[in-house]
Amino acid sequence: MQEYVIVSLADLNKISAVGGRQLRRRGSASRLRNGWPQVHDELYRLGPISDPPADSKVSLLRQLKNNAVAIASIFIALSGFAYTTWRDETSEANRNFRVAAFESLKQLNELQLITNAAHYKMDKMQGDPILGWSRVVMFDDLAVLLPPPAVQDATKLHATWESNWEGLGHDQDHADIITDAITQSREHIAETLKRLK
């Protein structure tokens with residue numbers, strides 16, 4: 001299949017002169033005889049594309065060598081972009097973990113204060129079980145934002161509080177079971193915070 005490119009008549013004259021076929025300008029009659037329209041020399045017409053010389057065809061390996069700096073630059077840029085994206089996502093996840101972890105520690109600390117007030121001080125105001133329930137439920141909600149075993153700890157604490165809050169102030173075992181569940185949850189959250197990078 002023949003390919004064509006747009007060339008000016010002046011360039012075509014130069015190409016023909018090199019090939020030994022000098023085109024002479026003899027006026028519009030000559031142009032019509034040669035099949036050319038009556039146009040100005042600087043206007044353009046279609047002409048065939050010449051095949052490149054065989055020595056200008058460069059192998060793939062040579063092209064890679066010639067463009068090694070550009071290829072390396074693209075690789076470095078893409079690697080940097082990928083690392084930056086990963087780092088941003090990791091930092092955002094760590095920020096979410098930290099906020100949830102500190103709020104969970106706060107809720108667990110308040111639950112411990114309520115447990116102590118209800119059991120040791122017999123204070124119905126500070127040791128109100130309804131306040132304890134609100135802290136337990138809040139820890140349930142925050143645990144889903146934390147890595148394992150936070151959800152298991154929240155489930156265990158919920159069940160422990162449900163089974164033992166009525167015994168506060170009457171039986172030391174109930175207070176100890178609740179305190180152990182709170183302590184275990186706090187230790188796991190502290191370990192999670194230490195692992196964050």
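**Entry 1: F102**

I began with F102, which I found in helix α4. The model is a predicted one, and I kept this in mind for every entry. I asked whether F102 is buried or exposed. Its relative accessible area is 51%, and exposed means over 50%, so F102 counts as exposed. I then looked up its distance to I189. The two residues are 87 residues apart along the chain, yet their C-alpha atoms are separated by 8.6 Å.

**Entry 2: The chain as a whole**

I next turned to the secondary structure. The chain has seven helices and two strands. I followed the sequence from its start and noted the order β-α-α-β-α-α-α-α-α. I also looked up how much of the chain is buried. Of the 197 residues in the chain, 26% are buried.

**Entry 3: Salt bridges**

How many salt bridges does the count come to? I noted two.

I looked up R95 and E92, which form one salt bridge, with 2.9 Å between the closest N and O atoms. Both residues belong to helix α4, which covers residues 68–121. Because R95 and E92 are three residues apart in this helix, about one helical turn separates them. I checked the accessibility of each partner. R95 has a relative accessible area of 45% and is partly exposed. E92 is likewise partly exposed, at 39%.

I then looked up E110 and R135, whose side chains meet in a salt bridge at 2.4 Å, N to O. This pair links distant parts of the chain, since E110 sits in helix α4 and R135 in helix α5, 25 residues apart. The relative accessibility of E110 is 23%. Buried requires a value under 20%, so E110 is placed among the partly exposed residues.

**Entry 4: M122**

I looked up the backbone of M122, a residue in the loop between α4 and α5. Its phi is near 55 degrees, which is a positive value in a residue other than glycine. I recorded this since most residues other than glycine have a negative phi. The relative accessibility of M122 is 48%, so M122 counts as partly exposed.

**Entry 5: The largest pocket**

M122 appeared again when I looked up the largest pocket, as one of the residues that line it. The volume of this pocket is about 190 Å³. Which residues complete the lining? I listed A118, D123, K124, G127, P129, W165, E166, L168, G169 and H170 beside M122. I sorted the lining by character and noted five nonpolar, three polar and three charged residues.

**Entry 6: P148 and P149**

I looked up the peptide bond that joins P148 and P149 and found it to be cis, with omega at about 10 degrees. I marked the entry because most peptide bonds are trans. P149 itself lies in the loop between α5 (129–143) and α6 (150–164). With a relative accessible area of 29%, P149 is partly exposed. I also looked up the distance from P149 to S185. These residues are 36 residues apart in sequence, and their C-alpha atoms are 8.6 Å apart in space.

**Entry 7: W161**

I located W161 in helix α6. Is W161 buried or exposed? I read a relative accessibility of 1%. The limit for buried is under 20%, so W161 counts as buried. I then looked up its distance to A175 and noted 9.6 Å from C-alpha to C-alpha, for two residues 14 residues apart in sequence.

**Entry 8: A nonpolar patch on the surface**

My last search concerned the surface. I found a nonpolar patch of about 400 Å², made by L60, L61, L64 and I71. Which helix gives the largest share of this patch? I recorded helix α3, residues 60–66, which contributes three residues. I then chose L61, which lies in helix α3, for a closer look. The relative accessible area of L61 is 55%. As exposed means over 50%, L61 counts as exposed.

Methods
Residues numbered from 1 in each chain as written. Predicted model: local features only at pLDDT ≥ 70, side-chain atom pairs only at ≥ 80, totals over all residues. Heavy atoms only, no water. Patch = residues over 30% accessible without salt bridge, like charges linked within 9 Å, V, L, I, M, F, W, Y side chains within 5 Å. Areas by Shrake-Rupley, 256 points an atom, 1.4 Å probe, with all protein chains shown as cover. Salt bridge = Lys/Arg side-chain N within 4 Å of Asp/Glu carboxyl O. Helix = DSSP H or I, 4+ residues; strand = E, 2+ residues; numbered from the N terminus. Buried < 20%, exposed > 50% of the residue type's maximum accessible area, 1.4 Å probe, protein only. 1 Å grid on protein atoms, 1.4 Å probe; cavity = no way out; pocket = protein on both sides within 12 Å on 5 of 7 lines; lining within 4 Å. Points joined across faces, edges and corners; volume = space filled by probe spheres on them. Nonpolar A, V, L, I, M, F, W, Y, C, P; charged D, E, K, R; others polar.
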